[in-house]
Amino acid sequence: MAPLRIRVYGDPVLRRVAQDVTDIDGAMAELCQEMLAAMYEAPGIGLAAPQVGVSQRFFVYDFGEGPGVLVNPEITESDGEWVYNEGCLSVPELSWEIVRPRRIHLKAHDLHGNELSIEAEDLEARLFQHELDHLAGRILLDYLDEDQRREAKRVLREQAMSRPSRPASAGDGLKLP
């Protein structure tokens with residue numbers, strides 16, 4: 001199978017609200033391994049399923065303590081405030097100071113169906129919030145003011161025009177059974 005292609009700003013899949021995962025199976029576990037490989041190659045610390053064309057509620061991550069997968073995650077509590085320069089693999093080469101809660105409590109499932117309860121703060125909390133945004137059809141540009149958004153769209157259009165076109169690959173339009 002061809003390597004996964006990370007979708008970039010303008011791809012409609014990034015604006016769709018992802019559907020809950022109803023069946024965790026071997027195909028999903030294999031896709032998660034492929035997503036981790038794409039994330040590391042990019043390089044990044046998180047990658048949500050919609051970023052590879054799969055409109056389902058899960059993401060992979062590794063912020064330095066080893067890889068993980070969170071299925072059907074949801075934030076149940078948040079606290080504090082933290083401003084941090086945040087970028088995104090789907091909005092290449094751009095970043096902005098984004099305000100998010102400093103601490104969160106998150107519930108999810110792992111690839112074995114076990115329920116997880118995670119207290120996260122700082123970078124880990126930001127990572128989870130960022131990937132949850134992708135699952136809700138939101139991207140970093142949604143946090144910008146009008147002038148920042150206009151400038152970002154101009155830069156992204158220029159990037160898209162300078163990017164060579166490519167034929168569709170086997171990784172395009174992936175769907176889980």
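## The E86–R126 salt bridge and its network

E86 and R126 bring their side chains together in a salt bridge, 2.5 Å from N to O; the term stands for a side-chain nitrogen of Lys or Arg within 4 Å of a carboxyl oxygen of Asp or Glu. E86 sits in strand β4 (residues 82-88) and R126 in helix α2, so the pair ties together parts that are 40 residues apart in sequence. Helices here (H or I, at least four residues) and strands (E, at least two) are DSSP runs, numbered from the N terminus. This is a predicted model, where local features need pLDDT of at least 70 and side-chain atom pairs count only at pLDDT 80 or more, while totals for chains, interfaces and linings use all residues. Residues are numbered from 1 along each chain as its sequence is written, and side-chain values use heavy atoms, with hydrogens and water left out.

Are these two partners buried or exposed? E86 is buried at 4% relative accessibility, and R126 is buried too, with a relative accessible area of 3%. For these labels, buried means under 20% relative accessible area, exposed means over 50%, and partly exposed is in between (1.4 Å probe, protein chains only).

The pair also belongs to something wider: E86, R100, R126, D133 and R138 are linked in a network of salt bridges. Within that network, the side chains of R138 and D133 meet at 2.8 Å, N to O. R138 counts as partly exposed at 37% relative accessibility, whereas D133 is buried at 4%.

## Another salt bridge, elsewhere in the chain

Searching the whole structure turns up 14 salt bridges. One of them joins the side chains of R57 and D20, at 3.3 Å from N to O. R57 is in the loop between β1 and β2, D20 is in the segment before α1, and the two are 37 residues apart. R57 is buried, with a relative accessible area of 15%, but D20 is partly exposed at 48%.

## Strands and hairpins

Now for the strands, which count as paired if DSSP finds at least two bridges between them. Strand β2 (residues 58-61) and strand β3 (residues 68-79) pair in the antiparallel sense over four bridges, with Y61 standing opposite G68 in β3. β2 and β3 make a hairpin with six residues between them, and G64 in the turn has a positive phi of about 115 degrees.

β3 also runs antiparallel to strand β6 (residues 103-109), joined by six bridges. Which residue of β6 is the bridge partner of I75? That would be L106. β6 in turn is joined to strand β7 (residues 115-121) by seven bridges, again antiparallel, and A108 has L116 in β7 as its bridge partner. The hairpin of β6 and β7 has five residues between the strands, and G113 takes a positive phi near 85 degrees there.

## Aromatic rings

There are five aromatic pairs in the whole structure. Rings of Phe, Tyr and Trp (its six-membered ring) pair if their centres lie within 6.5 Å; planes under 30 degrees apart count as stacked, over 60 as edge-to-face and the rest as tilted. Y61 and F128 form an edge-to-face pair, 5.0 Å centre to centre with 85 degrees between the planes. Y61 is in strand β2 and F128 in helix α2 (residues 122-135), so to speak distant parts of the chain, 67 residues apart.

Both Y61 and F128 are buried. They have company as well: F59, Y61, F63 and F128 form one aromatic cluster.

## The nonpolar core and a surface patch

In soluble globular proteins, nonpolar side chains tend to be buried together. A nonpolar core here is a set of buried Ala, Val, Leu, Ile, Met, Phe, Trp, Tyr and Cys residues joined through side-chain atoms within 4.5 Å. The largest one has 18 residues, and M35, L47, F58 and V60 are those with the most contacts inside it. α1, β2 and β3 are the elements that give two or more residues to this core, and α1 gives the most, with seven residues.

On the surface, I45, Y84 and L123 form a nonpolar patch with about 220 Å² of accessible area together. Patches are made of residues with over 30% relative accessible area and no salt bridge: like charges are joined within 9 Å, nonpolar side chains (Val, Leu, Ile, Met, Phe, Trp, Tyr) within 5 Å. The areas come from the Shrake-Rupley method with a 1.4 Å probe, and for residues only the protein chains shown count as cover. I45 is found in the loop between α1 (26-41) and β1 (46-48), and it is partly exposed, with a relative accessible area of 35%.
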